[in-house]
Amino acid sequence: MADPAPKRTTPRGRARREQLLDAAQQIATDEGLEALTVARLAGDVGLAVGALYRHFDGKEALLGALQARAIADFHLAMQARVERSRRELSDRGVAEDVRSLALALIAFSAYPTEADRAPARYRMLDAFLSAPDPVLSEQGARALEEVVSPIVVTCAELLGDAAAVGALAPGDQVQRTHAAWAALHGLGHFRKRDRLVPEHLRTPALLRVLLRDLFAAWGARPQAFDAAWPLAVEAD
């Protein structure tokens, strides 16, 4: 996969590509990525296999396009929540340090809570991150990294904003962002245990503990975190 961007740039071509991605998403959601092939997709949408190659170079390009769309849509949704909360918390006169922590918490909480908000999109994101072997070639993975990068930038900037007002200690915000997302991804796999364990061991409770301890390690005062957390939960 050279590039997750559409091969066709006409409005009609882009609309058709989105329809094909919707159908591919349904197959992947219902039966897993292994079931998704160009031939299977062609059969489901009633097209010749050759017709699909006008939109995707092959299975890897199809998988990459699905992942790129899921990442981009997730980032847009996360940004919308952050910006809406930024305005609301400012209007409410929330203290600057608490406000900055709340906005960072909203961004970092977005991935684990995506499972409830947009299950199909979450499963697509999770499938690529969870596979023990790379799903895409190095070339395809590097193309997707360009789609992931803006999410890292958003989160790192929010941490930087918090550090700038003294809510966090100075540090490598990009490294902190990667460490937090790695931990949050692992936490997401504990969701399947929620039906078996008491409430304080379920994902929502563990999410708070995980972020509380991470932010404390990065210099957040417990009182500021405790004030910011309900504001972040409220945003969801």
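A helix here is a DSSP run of H or I with at least four residues, a strand is a run of E with at least two, and both are numbered from the N terminus. The expected span of a helix is 1.5 Å times one less than its number of residues.

The model is predicted: local features need pLDDT of at least 70, side-chain atom pairs count only at pLDDT 80 or more, and totals for chains, interfaces and linings use all residues. Residues are numbered from 1 along each chain as its sequence is written, and side-chain values use heavy atoms, with hydrogens and water left out.

**Whole chain**

Start with the chain as a cartoon. Ten helices and zero strands make up its secondary structure. The C-alpha trace spans about 60 × 40 × 30 Å along its principal axes. Of the 236 residues, 44% are buried (under 20% relative accessible area; exposed is over 50%, and partly exposed is in between, with a 1.4 Å probe and protein chains only). Now consider contacts (heavy atoms within 4.5 Å). Among those between residues at least 6 apart in sequence, 70% join residues at least 24 apart.

**Helix α8**

Select residues 173-188. This is helix α8, with 16 residues, and it reaches 22 Å from its first C-alpha to its last, close to the 22 Å expected at 1.5 Å a residue. Colour its buried residues: Gln 173, Arg 176, Thr 177, Ala 180, Trp 181, Leu 184, His 185, Leu 187 and Gly 188. Looking down the axis of α8, you will find these buried residues within an arc of 165°, so they line one face of the helix. The arc is that of the directions from the helix axis to the C-beta atoms. Turn to the other side of α8, where Gln 175 and Ala 182 are exposed.

Next, select Asp 172. This residue caps the N-terminal end of α8, with a side-chain oxygen 3.2 Å from the backbone nitrogen of Val 174.

**Phe 74 and the core**

Trp 181 of α8 is among the residues that Phe 74 touches, not counting residues up to four places away in sequence. Select Phe 74 and show its other partners on that list: Ala 110, Tyr 111, Glu 114, Arg 121, Leu 125 and Ile 151. A nonpolar core is a set of buried Ala, Val, Leu, Ile, Met, Phe, Trp, Tyr and Cys residues joined through side-chain atoms within 4.5 Å. The largest such core has 67 residues, and Phe 74, Leu 101, Leu 105, Phe 108, Leu 168, Leu 211 and Phe 215 touch the most other members.

**His 75**

Move on to His 75, in helix α4 (residues 59-91). Is His 75 buried or exposed? His 75 counts as buried because its relative accessibility is 10%. Leaving aside neighbours within four places in sequence, His 75 is in contact with Pro 150, Ile 151 and Thr 154. Pro 150 is 75 residues away along the chain, yet the two C-alpha atoms are separated by 7.9 Å. The side chains of His 75 and Thr 154 make a polar contact at 2.8 Å.

**Two more stops**

Select Gln 25 in helix α1 (residues 11-31). Gln 25 is buried, with a relative accessible area of 13%. Beyond four places in sequence, Gln 25 touches Leu 66, Arg 69, Ala 120 and Met 124.

Finish at Glu 96 in helix α5 (residues 96-117). At 48% relative accessibility, Glu 96 is partly exposed. Add Gly 166: the two residues are 70 apart in sequence and 9.4 Å apart in space, C-alpha to C-alpha.

**Terms for the polar contacts**

A polar contact is a pair of N or O atoms within 3.5 Å; within protein, one must be able to donate a hydrogen and the other to accept it, and residues adjacent in sequence count only if both atoms are side-chain atoms.
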